[in-house]
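Hi everyone, thanks for making time this morning. I'd like to walk you through one model, so let me put it on the screen.

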Amino acid sequence: MNPMPWSATFFIPLLPFAGFLINGTLGRRLPRVVVSTVALLFTALPAALVAWLWKTMCATGAPSSVESTIHPSGFDWINITGLHIDFAFAVDHLTLIMLAVVTGVGFIIHIYSVGYMAHEEGYWRFFAYLNLFMFFMSLLVLAANFLLLFVGWEGVGLCSYLLIGFYFKKYSAASAGKKAFIVNRIGDFGFLLAMFLLIVHFGSLDFKEIFSILAQNPEWQQQGAHFLPTIALLLLLGAAGKSAQIPLYIWLPDAMEGPTPVSALIHAATMVTAGVYMVARCHPLFNSSPLALTVVALVGAATAIFAASIGMVQHDIKRVLAYSTISQLGYMFLACGVGAYAAGIFHLLTHSFFKALLFLAAGSVIHALHGQQDMRWMGGLRTRTPLTFWTMSAGVFAIAGIPPFAGFFSKDEILYRTFTSPNPLHIVLWLVGLLTAGMTSFYMFRLWFKTFFGEPRFDESASLDLHGAAVHARSSSTLTLEADDQGGTMHSVHESSWIMLLPLVLLAILSVAGGWVGIPAALGGNNQIEHFLDPVFANGTAGEGIAAMTGHGLELVLAVISVLVALVGFYIAYVFYYEKPGTAAALAERNKAAYSLVKNKYWVDELYGAFLITPMLMFTRISELIVDHGLVDGSGAAAGATTRGLAWLTRKQISGNIRSYAGWLAIGAAAVIALMIFGNVLKGPL
Amino acid sequence: MQLALFIVFGALALGGALNLLLQRHPIHSALSLVVVMMSLAVLYWSLGAEFLAAAQVIVYSGAIMVLFVFVIMLLNAGKEEHTQGSRVAYSVGFPGAAAIFCLLSFVFLSERGALQSSNIGGDLSSAVDNIAQVSATLFTRQLLPFEVTSILILVAIVGAVVLARREQ
Amino acid sequence: MVPTAYYLILAAMLFSIGIAAFLIKRNVITIFISIELMLNAVNLTFVAFAHMWHQVSGQIFVFFVMVVAAAEAAVGLAIILSIFRTRQTLNVDEIDLMKS
């Protein structure tokens, strides 16, 4: 196969953008078939380009990180004294993995959406936004400098807002979109400050330049220069906003208001991983500051266990998956925080497979149950929707970390690297990670049992009128409240169409086999993905030295421990939700306070509301009164009043009385004469 | 002797003007204006403008002021009543008039040296007398304005006839 | 040998008296007369300057001023006649149709 000309990389983002333009401008009038064909085509072509690019890069040899930058010829983006920024792409192995995830999983989800959104209004709008999202995400991943990355960063935030609020007529959806965008902006604020500091201290925003300057000045780290941790922590703030870490995770659960394919693509596989990608890309900056690395690890671990605890008591199937996403992202940050960037990216890869699968399968379940999302009214779907059951099971086993599924290898790698890292807190972090793994296994199997096993509870919901609410939620684009006449009983529950099942099967295969690229040496593999990313992270892995020293024995022991913990979680879920279904409810009754605390998400949203939002709203109200009504309206009114007053004064002079005119004439003439006589004095130095 | 001439007729002109200001009946004001014009004619003559002095007497006081007197008598204008006038005229106008006077006299007095003195009689160019000089310039260099003024007078006549006609 | 400045100051005095008369008087015709007074003062100024510069064009200008004053007096008085016919008054304070 011919090698790919580098300039063709520009088509990877441009093709989806073209799809957005076509669907966005003409889509309203085009038939649905055309819309979906356009969308699929402009997503499949970039995927093919990525495959070609991959082949080319493997053939020509891996360039070291960010060495091969591709510039469009003759296009100067920003060129001022002191700052030169190019509209340039950089491709290395990290980019390749991210592009594969974005275009590959993206394409699969596009196929699924054709089936899922078949009956929704605004079909063209959905695909236009999805294509726009692919454009921005590709831009983010391919960027060779911070500013272009930020363009993609902001763009995906915008698309997230647009797609969460897709059912914009529903108030909760619109406000969820708003919440996502605003919380993202807070993170972006940190990102912007980091960029400014980078310009000040490094004079450039180009990755290659910044990293080489950093490498040439090792004394900065030795002397403990303050700006390095500051930049790193600000970048972390930005990543926390985008990847839903503490304290900016609150938007992700609410983002489940969007259609399920959106949740799968944006809030599981791609956009939320942008933060992890950015941290991995900037690993020299983070490595230069041990403080920042520790903070990253702490934030990741804390978020992981925090979100897992909330996920254990949620009833909405999508909410469970949302908190699970937050928790898994915490794992990725934990990995980066202990210097195991390759492990973090590996987990990103496997997570995109099984999380997308879980979301899409959940969508299939919801679709089958005519919009019911509450797990309390599910059950017994194993026999009714077998293919959905088997594919979702693959996802559940993967995320729980059961070998040989994908999640086991990546999660285990992270836990192993945490345990062996030189960080003083490594044991604590490892324990937190282990506990979270147990909790993850527990709540995922809880979901599994409640949805697919046991007696079907769907019929009861019809009589309790929750079913009507479910229909309302399902077709919320049109806000119709009519009950679904033919639904309501288990007899009408059926499997989804092939177009929705095919992606599930593909992703299930990937969830099973996707982890096999990272089998560590201890278990007989050769950890291909780590070696693949070696050129990128060659000087980054702080924990490698110890890993080599301790050898395979420790790794095996830790692997066995994590599998045991996962199985314990499985067993507890089995007892609670299959064998003795009332156990969980009884436990909740006995510990009412704790249960209520966790169920209400630790009241974080309410705390934010009381301590941050309410004062801000008060401030805006005050400034509205003072500035808006007082200054702005006041100055406008004052201008008007002044003119009216002056006009009234002037009008009084037009009295029709000749003598008054003569009086004014006389004084005017005197003034003119005076000016003529003494005017030369005014001219003065002229 | 020129000084005496100036003082006498200057005082006469000034007195006539003040009388114009102070009299209540318009006919008295008109006749005072005639006095002013006559004295001004003498002053023109003393400044060497004999033609203008004659024209002043014949045209200005002999024709224009007669017209004024005719109209006053035609309209039977009586004494002025005391009505509330315009306060602006008094409060703004008088300072204006005073200011004009003060400014002008300031200029004239400060440039006294440049203004030199006047000699009684023809000093323009002794070979030719005043009227010859005036007509020479008027009919050669200022011919166009001369012709235009004749049209102006024609227009004025037509306008006066039209405006004063009774409505029919 | 009278300094030219005296003539000019006399003219300035006549001019300001004319303005004062314009402001004080209530009869329309008297106001007109005061305008004529102002014009005469200006004429005196021109003649004095013509004498000073030994030019005759100052006197030519006076000639034209007289002509225009004549025309203006004719037309103006005709207007006053028609105003009197419609308003039956010569009091300038009562002729205020242009009041806004």
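Let's start with H2 of chain C, which is mostly covered: of its 26 residues, 21 are buried. Please keep in mind throughout that this is a predicted model. Is the length of H2(C) what we'd expect? Let me put that properly: what should the 26 residues of H2(C) span? At 1.5 Å a residue the answer is 38 Å, and the end C-alpha atoms of H2(C) are 38 Å apart, so the two agree. Just after H2(C) comes His54(C), and its phi is positive, near 55°.

Now, on to the contact between chains B and C. Chain C puts in 60 residues and chain B puts in 70 residues. Which elements of chain C give two or more residues to the side that touches chain B? They are strand S1 (2-3), helix H1 (4-24), our helix H2 (28-53) and helix H3 (57-87). H3(C) gives the most to that side, with 22 residues. As for chemistry, the residues on the side of chain C that touches chain B divide into 46 nonpolar, 11 polar and three charged.

The strands of these two chains are worth a look too. Strand S1 of chain B, residues 117-118, is joined to S1(C) by two bridges, and the strands run antiparallel. If you'd like a spot to zoom in on, Ser118(B) stands opposite Val2(C) in S1(C).

Let's stay with chain B for a moment. This chain has seven helices and one strand. Reading from the N terminus, the order is α-α-α-α-α-β-α-α. Chain B has 168 residues, and 31% of them are buried. Taking the contacts in chain B between residues at least 6 apart in sequence, 54% join residues at least 24 apart.

Last stop, chain A, and a pair of helices. H12(A), residues 274-281, packs with H15(A), residues 317-337, at an angle of about 5°, and their axes are 10 Å apart. An angle under 35 degrees counts as roughly parallel, so H12(A) is roughly parallel to H15(A). Which residues make the contact? From H12(A) we have Val276(A), Val279(A) and Ala280(A), and from H15(A) we have Leu329(A), Met332(A), Phe333(A) and Cys336(A). The residues of this contact divide into seven nonpolar, no polar and no charged. As a reminder for reading those numbers, an α-helix has 3.6 residues a turn, so residues three or four places apart point the same way.

That's my tour, and I'm happy to take questions.

Technical notes. Residues numbered from 1 in each chain as written. Chains lettered and ligands numbered in written order. Predicted model: local features only at pLDDT ≥ 70, side-chain atom pairs only at ≥ 80, totals over all residues. Helix = DSSP H or I, 4+ residues; strand = E, 2+ residues; numbered from the N terminus. Buried ≥ 20, exposed ≤ 12 C-beta atoms within 10 Å, placed from the backbone. Contact = placed C-beta atoms within 7 Å. Nonpolar A, V, L, I, M, F, W, Y, C, P; charged D, E, K, R; others polar. Pairing = 2+ DSSP bridges. Expected span 1.5 Å × (residues − 1). Axes fitted to C-alpha atoms, helices over the stretch in contact; angles between N-to-C directions. Parallel < 35°, antiparallel > 145°, perpendicular 65-115°, else oblique.
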